[in-house]
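Me: I should like to work through this model step by step. Please reason briefly in each reply and finish on the value or name requested.

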Amino acid sequence: MSRKLDYPSATDVELVKAAQRGDMAGFEELVARHRDKIYARAYSMMRQEEEASDLSQEAWVKGWQRLKQFQGDSSFVTWMTRIVINLCLDQLRKQKRLRAESIEKLDEETGGVERQMPVVTPNPTERLERAELRQRIDQALAQLSVEHRTALILHEFEEVEYKEIAKRMGCSIGTVMSRLFYARRRMSSLLAGLKREEIK
Amino acid sequence: MMDHKTEVMLQALLDGELSEAQTATARAVIDRDAEARALYEELRSIKVLLAGNEIEWKLSEAREFYWSGIQREIEREERSADSEPRPTRSLHALLRLLLPVGAVGIVALSLALGWNQLSGSKSNLPALAGSHDIETPLEDAPSFTFRSEPEAMTVVWVDSGPN
């Protein structure tokens, strides 16, 4: 007879195995542990609380349905994050907030305002508390276009390589590089601006 | 002013996306060009600034409420998957329909064979042949045969018509 799993003290691996056998209580524990992280990724991409919550729940439903496909090549939370990112990308495409490459190409090549910006070196960490710094970074992220923000999030926070970003966003590697470049330049400009305000 | 190709090459250097030869080229550009150096530094600073400084958003919904929404959806989808017609079920439904028809066909076939035997031995049974008016249902009657190899079953369907 198998021993009963103590959910709160079980590892993710044990809970995943239990859930793969159909143990929904084990899956509930995984949701409780990682729900904030999955929601946070959805929110960072969608920037709308209710939509992010709905998409994160949808990701968990898909996670349950595909659980047998999870082989443990990555951590469970990384696997779940990939699911929620794909759902967000699909949703952005449906809403046409994520523009097709051909439409964006011109902007990418000319570079908009960022192309003309002087080089700046932001260094607000000296003066800001970590929580405040995070707040300001988030405000700056919110001002980026969906394409630039998505490329930046996937590369900087999820550590996804150019090639994989291109695949997920449905564009060329060159476009990913441009999006990332202008996203960084804009962030640099926005954060430098915040620093100047603070000095005044 | 630097061209965009050089700009993204410097960024790719920062992101570790260049080959060995490309890395050497990018480093040479940084060494000889102050503008390239400044841009590389800007990109590097923003990368460092972002690392580990993403806001950790938290759900405002209570654990039970959030989970109940997920659970409801899982159960709803499982119910809907169960209620979808499956090919094997369709086959069973077809067989259920065909079996009574087949049974009628077998009875009809038995009667026909019986009559042929009786007809063949008419001279031996004059009393029987003469005392009964037996119709032959197979004559001029449309019919078709269904043979199922996996089921090892033959069904003959006979349509005797309204008359």
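Me: Among contacts in chain B between residues at least 6 apart in sequence, what percentage join residues at least 24 apart?

Reply: This is a predicted model. The contacts considered in chain B are those between residues at least 6 apart in sequence. The share of them that joins residues at least 24 apart is 48%.

Me: What is the corresponding percentage in chain A?

Reply: Here too, the contacts counted are between residues at least 6 apart in sequence. In chain A, the part that joins residues at least 24 apart comes to 61%.

Me: What pattern of elements does chain B follow along its sequence?

Reply: Chain B contains six helices and two strands. Read along the sequence, these elements give the pattern α-α-α-α-α-α-β-β.

Me: How many helices does chain A have?

Reply: From the N terminus on, the elements of chain A run α-α-α-α-α-α-α-α-α. Chain A has zero strands, and its helices number nine.

Me: What percentage of each chain is buried?

Reply: A residue counts as buried if 20 or more other C-beta atoms lie within 10 Å of its own. Of the 163 residues of chain B, 13% meet this condition. For the 200 residues in chain A, the buried part is 36%.

Me: Which element gives the most to the side of chain B that touches chain A?

Reply: The contact takes 36 residues from chain A and 32 residues from chain B. On the side of chain B, α1 (4–14), α3 (34–50) and α4 (63–83) each supply at least two residues. With 10 residues, the element that gives the most is α3(B).

Me: How many residues on that side of chain B are charged?

Reply: The residues of chain B that touch chain A divide into three classes. There are 15 nonpolar and five polar residues, while the charged ones number 12.

Me: Why are the buried residues of helix α1 of chain A on the same side?

Reply: In α1 (residues 12–20) of chain A, the buried residues are A:Leu15, A:Val16, A:Ala18 and A:Ala19. They lie on the same side of α1(A) because they cover an arc of only 160 degrees around the axis. An α-helix has 3.6 residues a turn, so residues three or four places apart point the same way. For α1(A), the arc that answers the question is 160 degrees.

Me: Against which helices do the buried residues of α1(A) pack?

Reply: Just after α1(A), A:Gly22 takes a positive phi of about 100 degrees. The buried residues of α1(A) itself pack against two helices of chain A, namely α2 and α4 (76–94).

Me: Which helix gives the most to the largest nonpolar core?

Reply: The largest nonpolar core has 62 residues. Those with the most contacts inside this core are A:Ala42, A:Val84, A:Ala151, A:Val176 and B:Leu10. With 10 residues, the helix that gives the most to the core is α2(A).

Me: With which residues is A:Val84 in contact, leaving aside its neighbours within four places in sequence?

Reply: A:Val84 is among the residues with the most contacts inside the largest nonpolar core. Once neighbours within four places in sequence are left aside, its contacts are A:Ile38, A:Arg41, A:Ala42, A:Leu55, A:Ser56 and A:Ala59.

Me: Is A:Glu159 buried or exposed?

Reply: A:Glu159 lies in the loop between α7 (146–157) and α8 (162–169) of chain A. Although A:Glu159 is not a glycine, its phi is positive, at about 55 degrees. Because A:Glu159 has 9 other C-beta atoms within 10 Å, A:Glu159 is exposed.

Notes
Residues numbered from 1 in each chain as written. Chains lettered and ligands numbered in written order. Predicted model: local features only at pLDDT ≥ 70, side-chain atom pairs only at ≥ 80, totals over all residues. Contact = placed C-beta atoms within 7 Å. Helix = DSSP H or I, 4+ residues; strand = E, 2+ residues; numbered from the N terminus. Nonpolar A, V, L, I, M, F, W, Y, C, P; charged D, E, K, R; others polar. Buried ≥ 20, exposed ≤ 12 C-beta atoms within 10 Å, placed from the backbone. Arc of directions from axis to C-beta. Core = buried A, V, L, I, M, F, W, Y, C linked by C-beta atoms within 7 Å.
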